[in-house]
Amino acid sequence: MSGETSPGGQAGEAGQVPSGTLPAQPGEQRVVAERHGLFGARGTGDTSGFGGLVTTVALPRPSARPYGGWFDEVADVLERRTGEQGLEHAVLGVVVDRGEITFHVRREDLVAVLRLLRDDPALRFELSSGVSAVHLPGDAGRELHAVYHLLSMTHNRRIRVETTAPDADPHVPSTVSVYPTHDWHEREAYDMFGLVFDGHPALTRILMPDDWPGHPQRKDYPLGGIPVEYKGGTVPPPDQRRSYS
Amino acid sequence: MSTTDHPAAHDVQDVYAGTSETGEGRVFTVTGQDWDSIAAGLDHEMDDRVVVNMGPQHPSTHGVLRLILELEGETVTEARCGIGYLHTGIEKNMEFRTWTQGVTFCTRMDYLSPFFNETTYVLGVERLLGIEDDVPEKAQTMRVLLMELNRISSHLVAIATGGMEIGALTVMTIGFRERELVLDLFELITGLRMNHAFVRPGGVAQDLPPGAIDEIRGFVALMRERLPEYAALCNANPIFKGRLEGVGHLDLEGCLALGLTGPVLRSTGYPWDLRKTQPYCGYETYDFDVQTWDTCDSYGRFRVRLAEMWESLRIVEQATDRLARMEGDPVMVADRKIAWPSQLAIGSDGMGNSLDHIRHIMGESMEALIHHFKLVTEGFRVPAGQAYVPVESPRGELGAHVVSDGGTKPYRVHFRDPSFTNLQATSVMSEGGMVADVIVAIASIDPVMGGVDR
Amino acid sequence: MGLEEKLPSGVLLTTVEGLAGYMRKASFWPATFGLACCAIEMMTTGGPKYDLARFGMEVFRASPRQADLMIVAGRVSQKMAPVLRQIYDQMADPKWVLAMGVCASSGGMFNNYAIVQGVDHVVPVDMYLPGCPPRPEMLIDAILKLHDQVQHTKLGAHRRAEIVAEETAALNALPTSEMKGLLR
């Protein structure tokens, strides 16, 4: 999304850009990218007359209490239990958006928080749906996000836990000891994004060949297509065509 | 293996075979030569490790799965999977296409359950768009109908290929015979046998074609006659039971730790089915039961799949009855900023754009043309955020983690594919067992490599 | 006018090439090289409804050493390409390759880092079959066309001359991007 355009206004009103700090306060919003122009076309001139238009892209802002429904219950228990273990600052923020709750967790405390989430009788998130990673090059200081979707079968609840690492130090503690299912998921995230999961039993590439250079699903890695030749013309690969965003 | 000179090393013709010195001693790579001539030189070291590489091109590994088995005689002491031989970069490719075009890519991931891939992605997009409640009921019913038909065809292939891999070729041929019936329905409804790209953000691409209701009812009636054949052929078959019973054991604790869902989880007796516990697409309004078995083994998983096909038939019947009452209802969300203006029609050269629609945009309304052009080339914008709406695919929990940056293209889509997660259980299920049981254990997981590698 | 007239009835004459081609085409043993979606359609083709056995081809061989036709059914990833080449090398001559589906033929919609843009980068392809995935009927049609091609393959010196002619024609061919005319 970097250097692309025009989200239609919903991302505006971002306020000031926090400089590399982590969001803790409800309502504080992080701008992760900017779009220029009206249509977001890249590489070619913008003839719309709105070429100077700049809009910001921001992810949903942290929410304030009450979160609603069972979200408060989970947040209360988590707050209490982290407090008991001396992890008061483990949860950096809570985002409630579109009926889903996301806990942003400090990466140092990730394993402890996940273990709490799994073991506490009032939380009991027994099943993890794996690790997903997102690369946000514009999110200064926390470019790489590791996202865990947890499911409590006991209480029939689903939460999301998110932690971040900067590009310069792409290390996240491995959570295989808590959820053994994360074994392959963390290897995939390493393969695709270069996130190093410290403490993983065998962090090697899983999908790409062992000698592959680079981490293909990072935003700074090109799609890698080749131009397609047709009779009388050549079509560039999808990432090099004129497109809108 | 380390040994002194050995005669076969000089005779090796195959360029891919040979001997190499490693840190652990001399390693012989054997690809189909005469075993005796190789073993002759190693008599004093014969009790050393034998590592057998199965795949990635092996008829019994359920696709391009590579297994690295460490053997002691016939017993597997260590089993590891090598995957990635079908890695297609679908998640990355989707980032360069519009939200609607993304469906075209994700349908090709788990190619035996295309409608589930499409639906979980589309449900995620709809949640981001905030139009979950605006999707017309008929579209939801059609999704349910197609997904349940798809569950039948997928389970049929699971049973068919599983049968083929243990040598029960009749199970394979009858499985594919019935699958054709489902594929004929798919072709009638979506125009394609596989890789449909039929479910779209906001609804589905097309209304039911005329005659579809009758065809589906005929299919259900025929399946009710044919499904007992599987039970008669397999359920009490001593060879079939002998191969499957007690093989690939994994209990509830193991399932939860390794994140296994679907028939493997239900074969432990735990009735966890997202259609019941976290319903989507209106599943809460259908009358069906969650099928379980209590043996935690491959036979149990086979029986769960067989029973689930009966339940799917029940849901298909109910969905068909509802669709029969909804003739003419919309199948796409009313918001014209999201609904693709894609009225299709059967032309002389196959399916294409409807001539009426082309006449409208090309000849009657400039605004309609601009709108069509904008929506199809640029696409609609999806507010920034992330969503995860899993569905119960034939193999377990299938979910798409959809991230938007407010643009016209997905910022990142990650699929939590049940095949990928479930395949992790291979080593737990097969270590300590026989080599032949590895095949049965993997077939009972039913991984689809397209979904594993994406 | 020659030998034919002096033969008793019931004897047919043909060329060695014709006879060899007939034998070769009528006993194709395909290797199971299923990769992705197309593999399922390939299995369906061998199944009861489409029944490839009608053309003497139901024996899908699991070992490449016993097969003479490789149906590359599906997308070939960069990781799979060396394996594919190894299996091709292990097949005994004469051997043919059928690229089934658009991914195997040209990479198709997956024009990205992971997929080999056409299996002809790795092995020589005798028949390209479009479709995503192609219908079983299309696969049967492609196989029959390949049968035809095999039937008319020359032998010995003729074959060598044919190879030289094909090579010259390929070298002189205009690149697709410089061709003119309609996109067809």
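Leaving out the neighbours within four places in sequence, B:Glu178 is in contact with B:Leu156, B:Met223, B:Arg226 and B:Tyr230. This description, like everything that follows, refers to a predicted model. B:Glu178 itself sits in helix H7 of chain B, which covers residues 169-190, and with a relative accessible area of 0% the residue counts as buried, because that class takes in values under 20%.

The helix that holds B:Glu178 also leads to a link with another chain. B:Asp184 forms a salt bridge with C:Lys49, in which the closest N and O atoms are 3.2 Å apart. This pair crosses between chains, running from B:Asp184 in helix H7 of chain B to C:Lys49, which is placed in chain C in the loop between helix H3 (37-46) and strand S2 (69-73). Both ends of the bridge can be described by their accessibility: B:Asp184 is partly exposed, at a relative accessible area of 31%, and C:Lys49 is likewise partly exposed, at 45%. The bridge belongs to a wider set, since a search of the whole structure finds 54 salt bridges over all chains.

Within chain B, a second place to look is B:Arg266, whose side chain meets that of B:Glu308 in a salt bridge with an N to O distance of 2.6 Å. B:Glu308 lies in helix H13 (residues 298-325) and B:Arg266 in helix H11 (residues 263-266), both of chain B, so this pair ties together parts that are 42 residues apart in sequence. B:Glu308 is buried, with a relative accessible area of 2%, and B:Arg266 counts as buried at 0% relative accessibility.

B:Arg266 also takes part in a salt bridge with B:Glu392, where the side chains meet at 2.9 Å, N to O. Here the partner of B:Arg266 in helix H11 is a residue of strand S11 (residues 391-393) of chain B, and the pair therefore ties together parts that are 126 residues apart in sequence. B:Glu392 is buried, as is B:Arg266. Taken with further bridges that share partners, these contacts form one network, which joins B:Glu148, B:Arg151, B:Arg266, B:Asp273, B:Arg275, B:Glu308 and B:Glu392.

Note on methods
Residues numbered from 1 in each chain as written. Chains lettered and ligands numbered in written order. Predicted model: local features only at pLDDT ≥ 70, side-chain atom pairs only at ≥ 80, totals over all residues. Heavy atoms only, no water. Helix = DSSP H or I, 4+ residues; strand = E, 2+ residues; numbered from the N terminus. Buried < 20%, exposed > 50% of the residue type's maximum accessible area, 1.4 Å probe, protein only. Contact = heavy atoms within 4.5 Å. Salt bridge = Lys/Arg side-chain N within 4 Å of Asp/Glu carboxyl O.
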